Amino acid sequence: GSIIAFTGAYGGNRDVYIVSSRGGEPKRLTWHPGSEEVIGWMPDGKQIIFRSTAFDPHNSAHLFTVDLEGGEPVELPLSWAARLDVDRSSGSWAFNRQSRDTRTWKRYRGGRATDIWVGHPDRADFTKITDFEGQDAFPMWHGDRIYFLSDQGGTGNLWSIKPDGTD
């Protein structure tokens, strides 16, 4: 809670920055000329998760971490992905392959709809656990469930599911 990670566009493109929660001058952590967007934190609080399309020839997003002290980003072993949350107790990941962040489509059904995938990075056993034809976005772990945004009922609302895709 003492450091805020954010996406800033001070040098012409979006990069990852941190700043003390008490204020001060931001510190830049990424330097690629492509766009990087902060997604969240790894559970240890020492690495920031960010999304970038800079390294994919087809402009697909990939997820990376960067250390609070700086250094080279490390790509997460997901291939293409746009959003991620890590379960603090099991270390399992819940993620979306596509981004819903800037879309304004309501009740969209089709190939750009997001699904939730779950698995553990040590086993690389990632499995798609949702199959709704619309949006299942922004997965967040809480307890033994994954909470997410979906418009299954016709209006965007919060839903939850067990990591195995049941209940």
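Let us start with a term that will help on the way: a residue is called buried when its relative accessible area is under 20%, exposed when over 50%, and partly exposed in between, using a 1.4 Å probe and protein chains only. What you see above is a predicted model, in which local features need pLDDT of at least 70, side-chain atom pairs count only at pLDDT 80 or more, and totals for chains, interfaces and linings use all residues. Residues are numbered from 1 along each chain as its sequence is written, and side-chain values use heavy atoms, with hydrogens and water left out.

Take the overall architecture to begin with. The protein has zero helices and 14 strands, where helices (H or I, at least four residues) and strands (E, at least two) are DSSP runs numbered from the N terminus.

Now walk in from the N-terminal side. Here β1, β2 and β3 make an open three-stranded sheet, in that order, with antiparallel pairing; two strands count as paired if DSSP finds at least two bridges between them. At the edges lie β1 (3-8) and β3 (27-28), each of which pairs on one side only. Six bridges link β1 to β2 (residues 15-20) in the antiparallel sense, and one place to look is A5, whose bridge partner in β2 is I18.

Further along comes β4 (residues 36-41), which runs antiparallel to β5 and is joined to it by five bridges. The two strands form a hairpin with five residues between them, and in the turn G45 has a positive phi of about 75°. Next, β5 also pairs with β6 (residues 62-67), again antiparallel, over six bridges. I49 is a handy residue for following these pairings: it is the bridge partner of G40, and it stands opposite T65 in β6. How much of β5 (residues 47-52) is covered? Five of its six residues are buried, so the strand is mostly covered.

Finally, step back to the whole chain. For 167 residues, a compact globule would have a radius of gyration near 15 Å, and the 16 Å of the protein agrees with this; the radius is taken over C-alpha atoms, and the globule rule is 2.2 Å times the number of residues to the power 0.38. Along the principal axes, the C-alpha atoms fill a box of roughly 45 × 35 × 30 Å. Buried residues account for 41% of the 167. With contact meaning heavy atoms within 4.5 Å, 26% of the contacts between residues at least 6 apart in sequence join residues at least 24 apart.
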